[in-house]
Amino acid sequence: MEVEGMKIFFRRCVAERGVRYLSYIGDASTFKAVCEDKPYGINTTIERVECVCHVQKRMGTRLRKLKKDMKRKKIAGRKTIGGRGV
C-alpha cells in the first residue's frame, strides 16, 4: 500500500503542482518501486538520501555487537574494549 501511494504521489506532483522531487528519504523497497515506475520520464533520476536515524541505528547495532564480541579480548597491551576492565 505504501509503495502504490508513493507512486501516485510522485506522478501527480508534476500535474497538480508542477514540482519534481529528485531526492527521496525512505525505505529501499519503496524507492526501488518508484524508480522503476519512472514518474518523470526516462531521463530524470531520483536520488535516495540516507536518513540519519537509520544510519545511527545500524551503526549502534554494529558497535554493540563488536563490544560484545570483543568483551574479554585485550587490545593495545592490557586494556579491553569495554572499559574499566570489563
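From the N terminus on, the elements of this predicted model run α-β-α-β-α-β-β, which amounts to three helices and four strands in the chain. The radius of gyration is 22 Å, well over the 12 Å that the globule rule gives for 86 residues, so the chain is more spread out than a compact globule. Six salt bridges are found in the structure, and several of them are described below together with the accessibility of the residues that form them.

**Overall form and surface**

- Along its principal axes, the C-alpha trace of the chain spans about 65 × 25 × 20 Å, and the radius of gyration of 22 Å likewise describes a chain more spread out than a compact globule.
- Of the 86 residues in the chain, buried residues make up 14%, while the accessible surface comes to about 7,300 Å², with 56% of that surface belonging to carbon and sulfur atoms.
- When contacts between residues at least 6 apart in sequence are considered, 39% of them join residues that are at least 24 apart.

**Charge**

- The chain carries 22 positive and 9 negative side chains, and the centres of these two sets lie 18 Å apart.
- As a general point, side chains of opposite charge can pair when their charged atoms come close.

**Helix H1 and its link to helix H2**

- Lys7 lies in helix H1, which covers residues 2–17, and this lysine counts as buried because its relative accessible area is 17%, under the 20% cut-off.
- Leaving aside neighbours within four places in sequence, Lys7 is in contact with Ala33, Val34 and Asp37.
- Asp37, one of those contacts of Lys7, also meets Arg11 in a salt bridge between their side chains, with an N to O distance of 3.0 Å.
- This pair links distant parts of the chain, since Asp37 belongs to helix H2 (residues 28–37) and Arg11 to helix H1, with their positions 26 residues apart in sequence.
- Both partners of the bridge are partly exposed, Asp37 having a relative accessible area of 28% and Arg11 a relative accessibility of 41%.

**The network around Arg48 and Glu50**

- Arg48, Glu50 and Arg58 are linked in a network of salt bridges, and within this group the side chains of Glu50 and Arg48 meet at 3.8 Å, N to O.
- Glu50 is partly exposed, with a relative accessible area of 35%, and Arg48 likewise counts as partly exposed, at 32% relative accessibility.

**A salt bridge within helix H3**

- Asp69 forms a salt bridge with Lys65, and the closest N and O atoms of the two residues are 2.9 Å apart.
- Asp69 and Lys65 both lie in helix H3 (residues 52–69), where they are four residues apart, or about one turn of the helix.
- The two partners fall into separate classes of accessibility, because Lys65 at 52% is over the 50% cut-off and counts as exposed, whereas Asp69 at 42% counts as partly exposed.

Definitions and conventions:
Residues are numbered from 1 along each chain as its sequence is written. This is a predicted model: local features need pLDDT of at least 70, side-chain atom pairs count only at pLDDT 80 or more; totals for chains, interfaces and linings use all residues. Side-chain values use heavy atoms; hydrogens and water are left out. Helices (H or I, at least four residues) and strands (E, at least two) are DSSP runs, numbered from the N terminus. Buried means under 20% relative accessible area, exposed over 50%, partly exposed in between (1.4 Å probe, protein chains only). Contact means heavy atoms within 4.5 Å. A salt bridge is a side-chain nitrogen of Lys or Arg within 4 Å of a carboxyl oxygen of Asp or Glu. The radius of gyration is taken over C-alpha atoms; the globule rule is 2.2 Å times the number of residues to the power 0.38. Accessible areas come from the Shrake-Rupley method with a 1.4 Å probe; for residues, only the protein chains shown count as cover. Lys and Arg count as positive and Asp and Glu as negative; His and the chain ends are not counted. The place of a charge is taken as NZ of Lys, CZ of Arg, CG of Asp or CD of Glu.
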